[in-house]
Amino acid sequence: MGTIVLPALIVAAVGLIAGIILTIAAKLMFVPVDERVAAIEEVLPGANCGACGFAGCSDYAKALGNDADVSTSLCPVGGAAVASQIAEIMGVAGGDVDPKIAMVMCKGTLEATRQIEELDRIHSCKSAKMFYGGNWACPYGCLGMGDCADVCQFDAIRIVDGVAQIDREKCVGCEACMKVCPNHIIQMVGKKNLFVVACQSKAKGAQTRKACTAGCIGCMKCQKICKFEAVTVENNLATIDYDKCKNCGMCAKECPTGAILSFRKKKAPAKKPAAPKAEAPAAEAPKADAPAEETKNTEA
Amino acid sequence: MTAILSIMLAVILTNNYVLAQFLGICPFLGVSKKLDSAVGMGVAVTFVMLLATAVTWPIQMYVLNTFNIGYLQTLVFILVIASLVQLVEMTLKKYMPPLYNSLGVFLPLITTNCAVLGVTIQNITDGYNYVESLFCAIGAGIGFLLAMVLFAGMREKLENCKGIPECFQGIPITLISASILSMAFMAFSGVVDGIFG
């Protein structure tokens, strides 16, 4: 009998001591849990995409609870609806969310540029980039191996003609593709901004021209034509200040290489060639609609 | 001093807990996808191994051996380690929130890590004294960290490699690369004996 009772007692005693210590410690080191954090976690979409800059939805909720300065409108997946709900929980006025989507800043299709070497055994952009900067004539452009398409959770990216194309309707702006692109040609741009410089080449104009017919050659024409001082050319590359841009489209019209891309909606000319109001609902400057670049647009 | 050094080298290289004794495989495969989380896990395991050894060695010597109930070792050790990790977690949460946040989910995971239990039990069976046991625990932790970092490096390379046949993608190629890494560690066998022998 004693051979069972004594060991049982000892184990029970060890367990009891551990339990008592833990109970005391739990009382002594009690950290209050914020009710709001749990409520915010409920509201968030739970995609855990990390686009807010935190490790996941619960991490973002925790950060909101800990620090009042964290913006309530960081979740691009949930958009304005979630932002206002979070703001309600936090007891602050909701900030407006300008939904951002990913855009590919390159037009280097097989037509415009060319491949200078055969990379048979390499199947990812990251590896291709490590291997002498990739197989394209332009080292700044889309590598076209589809790392972004692989990482996209929303099936919004396709590689067409050697360049990634993003479906503007499917993109939720989670930034996953932007982070994975080794050439950093995917950028987040507000959905309301319809004109982007689709080139990242910082090489001199002549060099860019040699490598790709659709690249920005830094000719300054767009900078001169812009009435709102929104376009600046620096390091042989035009950039648009999206805060100043009024979507007038003059720059895209002026661009000699077509490097400025228009996302303004147009009805397909093949179906309704004589439609009187063929131009887009973008009403700011309807006259200055850019004529070209239909092929690069991904809208339906 | 030589004894301690030889114990630590042995447990880091020749008897590496993960790659030679195959303990703690779960975190080794689960948390080695990214280098920084692998380092976090390795540091946390080292810390807990040291702490667990510091507590379990006296329990073995002064409680279990005194009452002649050494067969209860596994049960008592698991109990002690689990509550110890809980205590550490609470302490960190209260007094060192940055460290708690960086360790995150790893601390509770370690509660049931068999490498920790393995170290504490091996210290007893190998008959180390208290100081030797503590250094053995640190060495085991460093060995775990080394294995984690090496394997995380390999896996990050694997991530970039798209040419893996479909049937090997995911877990199969991970297990194969783990076995290659552990074969590499077999080359260390005899090295420590050669140095100190």
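1. C148(A) sits in helix α6 of chain A, where helices (H or I, at least four residues) and strands (E, at least two) are DSSP runs numbered from the N terminus. C148(A) is buried, with a relative accessible area of 8%; buried means under 20% relative accessible area, exposed over 50%, and partly exposed in between, using a 1.4 Å probe and protein chains only. Beyond its neighbours within four places in sequence, C148(A) is in contact with I157(A), A164(A), C177(A), V180(A) and I186(A), contact being heavy atoms within 4.5 Å.

2. A word on what you are looking at: this is a predicted model, in which local features need pLDDT of at least 70, side-chain atom pairs count only at pLDDT 80 or more, and totals for chains, interfaces and linings use all residues. Residues are numbered from 1 along each chain as its sequence is written, chains are lettered from A and ligands numbered from 1 in the order in which they are written, and side-chain values use heavy atoms, with hydrogens and water left out.

3. C142(A) makes a good companion to look at next. It is placed in the loop between α5 (125-130) and α6 of chain A, and C142(A) is likewise buried, at 8% relative accessible area. Leaving out neighbours within four places in sequence, its contacts are C106(A), W136(A), G162(A), V163(A), A164(A) and I185(A). A164(A) therefore appears in the contact list of C142(A) and in that of C148(A), by the heavy-atom criterion of 4.5 Å. In an unreviewed entry, UniProt lists C138(A), C142(A), C148(A) and C181(A) under "binding site"; do keep in mind that such positions are given in the numbering used here, feature names are shortened, and annotations may be inferred rather than shown by experiment.

4. The salt bridges are quick to check. The structure holds two over all chains, taking a salt bridge as a side-chain nitrogen of Lys or Arg within 4 Å of a carboxyl oxygen of Asp or Glu. One joins the side chains of R158(A) and D155(A), at 3.1 Å from N to O. The other joins D155(A) and K170(A), at 4.0 Å from N to O. That second pair links distant parts of the chain, 15 residues apart: D155(A) is in the loop between α6 (147-151) and β2 (157-160) of chain A, and K170(A) is in the loop between β3 (163-166) and α7 (176-180) of chain A. D155(A), R158(A) and K170(A) are thus linked in a network of salt bridges.

5. How accessible are these three residues? R158(A) is partly exposed, with a relative accessible area of 45%. D155(A) is partly exposed as well, at 42%, and K170(A) counts as partly exposed at 38%.

6. Turning to chain A as a whole, there are ten helices and eight strands. Buried residues account for 45% of the 300 residues in chain A. Of the contacts in chain A between residues at least 6 apart in sequence, 60% join residues at least 24 apart. Chain A exposes about 16,500 Å², with carbon and sulfur atoms supplying 57% of it; accessible areas come from the Shrake-Rupley method with a 1.4 Å probe, and for residues only the protein chains shown count as cover.

7. The largest nonpolar core has 53 residues, of which F28(B), M41(B), M49(B), V76(B) and I110(B) touch the most other members. A nonpolar core is a set of buried Ala, Val, Leu, Ile, Met, Phe, Trp, Tyr and Cys residues joined through side-chain atoms within 4.5 Å. Elements giving two or more residues to this core include α1 (2-28) of chain A and, in chain B, α3 (35-64) and α4 (73-95). The most comes from α3(B), with ten residues. V76(B), neighbours within four places in sequence aside, is in contact with V11(A), V14(A), I59(B) and L64(B). Apart from this core lies another, of 44 residues, among them V163(A), A164(A), I186(A) and C245(A).

8. Finally, the interface. Here 25 residues of chain A are in contact with 20 residues of chain B. The two chains bury about 1,700 Å² between them, 77% of it on carbon and sulfur atoms; buried area is the accessible area (1.4 Å probe) that two parts lose on being put together, summed over both. The rule finds zero salt bridges across the interface of chain A and chain B.

9. For the record's view of the helices, UniProt (unreviewed entry) lists residues 6-26 of chain A as "transmembrane region". That span is 100% helix and 0% strand, with its end C-alpha atoms 30 Å apart.
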